[in-house]
Amino acid sequence: MMRRTRAAVLTVAAVLQLSVVALVSAGSANAAIGPADDRQLSTPTSWATYNGVTAAQVSSYLSANSARLTDIQVESSTPTFTVTMVNNAGSYSSGWWWYYNLTEAQVNANLSANSARPISISAYSTTSGVRYAVVMVPNSGANAKSWAWYHGTSTYISGRLSALHMRLIDFGSYPGSGYTAIMVDNTGGNATGWWWYYGLSASAVTTDLSTNSARLIDVSRNSDGTYNAVMYSSRTRAYWYYGYSPSSMLAKANQLGERIISVVSYTVGSTKYQAAAMVENLNSASRTLRSIIAPQVDSGAYGFYLKQVGGATIASLQSTKQYEPASALKVLYHAKSIHEEALGNTTDATVITYHYHNLADSKDGDICPDDYATTTTTNLKNADTKMMQNSDNRMTRGILEKYTKASMQSYATSLGLTSTQINHNIGCPTAATYNKTTLSDLGKVYEAFQNGTVTSNSTWKTQFHDRMLNETNYEPNYHNSICPIVSQEATALGKSAATATSFCNALTWIAKGGSYVYATNSYPHKVSFDGLSLTGVPYKSSGILAPRFYVFGEFIDQTQLDSSAEATAVNNARSKLYQEALRPYIHAALATW
């Protein structure tokens, strides 16, 4: 038996279409890619995938995510499902229906009743015979296309494709033998260069993708471990993976900034694996930043976040993923302390008790304060300042104990932090007690300061700024980092060097970073590094300064560094992330000078 079939090139001609039982549906041959063909879209959107779920669970997830199904596979005759879904809004907005446990006649009856066409179908065996799960959309408007669906041998399906001049959008195995296929018109605005294959090894799929300069649109797996693939000509960034656990596949997609568009679950022995096709799911700004950090990090996780205060998120990769923030979490403790002082509940002179080892050692602030029973006291202002400017772990524990862990967690909630957990005293991590937060959560602390939620009192807002590392006390490091970007953009705009200097001096900035080196300082070792900042970019309006504020954050977590050279490369990339994230806004602001 021939194990691969190739179909269609860019100049394929047009068609009408029929379903296997002569259900006829016609649509505009020139219809553009519609929201129902989400696999051809790369507009960023929220999405989700689930496996081993019941119909009731699928419905619950759809409701929770305000989503519609785009891909369905029946895993068992119970039935349980593997599904993918997208937020049913914007470019992806569409009417739709999904059904399961249908006979072939019932599938066609529902298609006819809904004036719909199918976009994903899965055939499965039951004690009553073959049944189908199907996702369909209205065959009207932007969704309208001539279409057909069939089941049969590869030869039969190949003949239908050739006779009707269509392309596949969904292709999978049929119980016992043969395949199911959904196809659409491939002419006019629908014309796409494409190929389809069946019975391929995983390596052959990868080879064909490379040979065809294509991306995978649909993937399914046969009982003998081979794969069926539908691929389209594309320069869009896309991936496919196989042999991953479901949780690892999801993590892979999220790390890459990809959206899973087709996924199949399978078991080897008693272990579940998945194969999945993915497509780009990042905006232009996020892609630019990803290109800086991704080549330097080969293990663990990484992410970044850029948001205008009071505005939309501008760039994001894994900004809602929980990670170990190390000392960057101290900004929450700082906000709590300033807030309590602004309310008059504490004062600069409030006594803080802290644990120490050797007060004469300038590095004593780096200790794990849990390791030492000896204590002494200082005042709150000194403790808060040392916590933020020197990252003193001793003072951090003292401040936490002053307000209590429960109160600190409650304060985090009041600021809108939903994914932050305090599980150990900062400076004392263990594998079982990592602290957890997200860039989005920590960013809310900086926004709360800027918008006056922490305090609207100008005196205490100044104290919040001055007790942190800022544009004044972190010199020359800060200006050496950002002023070259200002100079480059000033030159590009034809601005003078004096203007660039004045602009750079008008920038404001506060920040808190964190770093844990696990086990040993010698290489190789694993690390968790991060940093968040708030930058005031000095726009002008009618000649008057009108700064706009941007929260930026980045992290790497549980990343193995094998040498000092690798550590330098990673940290250089982290620094460049900040520079390139702010560059467009520095440019825009300079244009107002």
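At what angle do helix α7 (residues 330-343) and helix α10 (residues 405-414) pack, and how far apart are their axes? The angle is about 95°, and the axes are 10 Å apart. Axes here are lines fitted to C-alpha atoms, for helices over the stretch in contact, and angles run from 0 to 180 degrees between N-to-C directions. Helix α7 is therefore roughly perpendicular to α10; that term covers 65 to 115 degrees, with angles under 35 degrees called roughly parallel, over 145 roughly antiparallel and the rest oblique.

The model is predicted: local features need pLDDT of at least 70, side-chain atom pairs count only at pLDDT 80 or more, and totals for chains, interfaces and linings use all residues. Residues are numbered from 1 along each chain as its sequence is written, and side-chain values use heavy atoms, with hydrogens and water left out.

From α7, the contact (heavy atoms within 4.5 Å) involves Leu 332, Tyr 333, Ala 335, Lys 336 and His 339. From α10 it involves Ser 407, Met 408, Tyr 411 and Ala 412. Six of these residues are nonpolar, two polar and one charged. Nonpolar means Ala, Val, Leu, Ile, Met, Phe, Trp, Tyr, Cys and Pro, charged means Asp, Glu, Lys and Arg, and the others, Gly among them, are polar.

The protein chain has 15 helices and 25 strands. These are DSSP runs numbered from the N terminus: helices are H or I of at least four residues, strands E of at least two. Of its 593 residues, 54% count as buried, meaning under 20% relative accessible area (exposed is over 50%, partly exposed in between; 1.4 Å probe, protein chains only).

One open sheet has three strands in the order β1-β3-β2, with antiparallel pairing. Two strands pair if DSSP finds at least two bridges between them. The edge strands, each pairing on one side only, are β1 (47-53) and β2 (67-76). Eight bridges join β2 to β3 (residues 80-87), and Ala 67 stands opposite Asn 87 in β3.

Glu 258 lies in strand β14 (residues 258-268) and is buried, with a relative accessible area of 1%. Its side chain has two polar contacts listed below; a polar contact is a pair of N or O atoms within 3.5 Å, where within protein one must be able to donate a hydrogen and the other to accept it, and residues adjacent in sequence count only if both atoms are side-chain atoms.

| Side chain | Partner atom | Distance |
|---|---|---|
| Glu 258 | Val 279 backbone nitrogen | 3.2 Å |
| Glu 258 | Glu 280 backbone nitrogen | 3.4 Å |

Leaving aside neighbours within four places in sequence, residues in contact with Glu 258 include Trp 47, Arg 237 and Tyr 239.
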